[in-house]
Structures are given as structure tokens and as C-alpha cells.
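User: I would like to learn how to read a few features of a model. Can you take me through them?

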Amino acid sequence: MKKPVYKILSYLCIAAFLVYWLIIFILIMPSNSVKQIISQHSPRFKNTFGIGWTLFTPPNTCNDRLYFIVRIINGHEKPDTIEVLENIALQKQAHAPFNQKENIIDHLVNNTVWNIKLIVWSNKKKPVVDVPGMSDSLYIVNAIAAVEGRQAYSAYRNTLINYCRIILQQKKLDAADKEVKIMITEKQIRPFKKMTDSNFLQKETLVFETPYTPLNT
């Protein structure tokens with residue numbers, strides 16, 4: 001027969017285990033009042049246990065889309081639209097497991113897209129305060145104007161333009177007389193409960209857009 005002290009100790013261990021995981025779930029949940037109270041009054045908990053897991057975080061609600069819209073300079077033909085990120089993902093799958101080249105391209109292009117989004121978002125909020133009611137396109141124009149002189153922004157934009165040249169070369173198309181517009185959007189992921197709903201429309205939101213830029217410069 002167990003001694004009372006061991007019985008009490010086992011109950012305390014179970015209780016501590018349950019409390020620990022309860023706090024973990026609260027901290028990784030979306031913003032709520034309980035989470036705010038715990039975060040404010042127990043910073044040592046987060047520092048000690050390092051709550052940085054993504055296992056229980058909600059899934060993303062949208063996917064990035066990168067488009068190269070290519071047309072002949074001063075031409076009247078309909079421009080060609082090339083979606084980039086999905087094609088990179090398909091190339092990685094097709095060449096797996098020997099897809100080191102595709103992995104490098106995937107990392108480079110996706111990382112560039114993410115960094116451009118961060119730059120634009122950090123400046124997109126500024127015009128909202130000054131000129132409320134503007135369209136997303138005008139917000140983005142103002143945001144880009146605020147960062148055009150930054151070396152980092154120019155490097156990211158040039159990386160995407162250079163990759164557009166590579167794609168045209170792969171398609172055996174001459175880039176000398178072409179110009180490109182770069183567009184980044186976020187396309188809504190179909191929720192699980194809407195998988196069979198044929199009427200559900202995946203909303204696509206504009207995040208970044210450049211004017212047409214000649215490819216031979």
C-alpha cells in the first residue's frame with residue numbers, strides 16, 4: 001500500500017503536467033484575453049520553456065502567388081502571364097529526391113517574395129492614415145515609392161527580374177524586346193469544410209505590383 005505522501009506527490013505531478021500543457025495551449029492559441037493575462041504576468045514561463053513551436057498553430061489561410069506579366073515593348077498583343085511559385089513546387093516534386101537545384105531556386109525566389117512583402121507591408125500602413133479610402137493599388141504604389149531608394153529593395157526586385165529572364169530563356173523566348181510587370185498576390189486556401197463546395201471562390205488579394213520594366217536593361 002502506497003504511503004499518503006507518495007500518493008499526494010503523484011497527484012501533484014499529474015496536476016503540474018496538466019497545468020503546463022493547459023498553459024501551452026493557451027499561449028499558442030490566437031489572441032484572447034486569457035493569453036494576454038498569462039503573457040503579461042508570467043514572462044518567465046515563456047523564457048524558460050521557449051514557446052516557439054508551430055505544431056499547434058493554425059494553418060495558413062492563403063498561399064503566395066508570384067506572376068510575371070510579360071509583353072512586347074510598345075506592342076498591342078495580349079501579355080503572357082507566368083505563375084512562378086506553383087511551377088517551382090511542381091519542379092521540386094518532379095525531380096525529387098535529386099532536386100538540389102530546384103531547392104536552391106525555391107529558397108531564393110520564395111525568400112525574395114517574402115522579403116518584398118515585409119518591406120511593402122511595413123510602409124503600406126503609412127498612407128492609410130494620411131489618405132484613407134485609397135485603393136490597394138495606390139497604397140502599394142505609395143509603399144514602393146517609400147522604399148525605392150533602398151538597396152535591399154532594389155536587390156530583391158532585380159533578383160525577380162533576373163529570374164524572369166531565366167524563365168524566358170528556358171521557354172526559348174527572346175527577352176530583348178520584352179518588358180515585365182511583377183505581381184505578388186495572396187490566394188485564399190480553400191477551407192476544409194468547403195472542399196466540396198463548387199460555388200466557393202478563392203479570393204486573391206494584391207500585395208505587390210511594379211510598373212512594366214524592360215528586360216534588356
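Analyst: We go through a surface patch, a helix and a strand residue. This is a predicted model: local features need pLDDT of at least 70, side-chain atom pairs count only at pLDDT 80 or more, and totals for chains, interfaces and linings use all residues. Residues are numbered from 1 along each chain as its sequence is written, and side-chain values use heavy atoms, without hydrogens and water.

User: Which residues form a nonpolar patch on the surface?

Analyst: Patch residues have over 30% relative accessible area and no salt bridge (a side-chain nitrogen of Lys or Arg within 4 Å of a carboxyl oxygen of Asp or Glu). Nonpolar side chains (Val, Leu, Ile, Met, Phe, Trp, Tyr) are joined within 5 Å. Here the patch is Val5, Tyr6, Ile8, Leu9 and Leu12, with about 530 Å² of accessible area together (Shrake-Rupley method, 1.4 Å probe).

User: Is Leu12 buried or exposed?

Analyst: Buried means under 20% relative accessible area, exposed over 50%, partly exposed in between. Leu12 has 54%, so it is exposed.

User: How far apart are the end C-alpha atoms of helix α7?

Analyst: The expected span is 1.5 Å times one less than the number of residues. For the 20 residues of α7 (151-170) that gives 28 Å; the ends are 29 Å apart, which agrees. Buried residues in α7 include Tyr153, Leu160 and Ile167.

User: Where does Lys178 lie?

Analyst: Lys178 is in strand β3 (residues 178-188; strands are DSSP runs of E, at least two residues). Its relative accessibility is 15%, so Lys178 counts as buried. Contact means heavy atoms within 4.5 Å. Beyond neighbours within four places in sequence, Lys178 contacts Val70, Arg71, Ile72, Ile73, Pro214 and Leu215.

How values were computed. Patches are made of residues with over 30% relative accessible area and no salt bridge: like charges are joined within 9 Å, nonpolar side chains (Val, Leu, Ile, Met, Phe, Trp, Tyr) within 5 Å. Buried means under 20% relative accessible area, exposed over 50%, partly exposed in between (1.4 Å probe, protein chains only). Helices (H or I, at least four residues) and strands (E, at least two) are DSSP runs, numbered from the N terminus.
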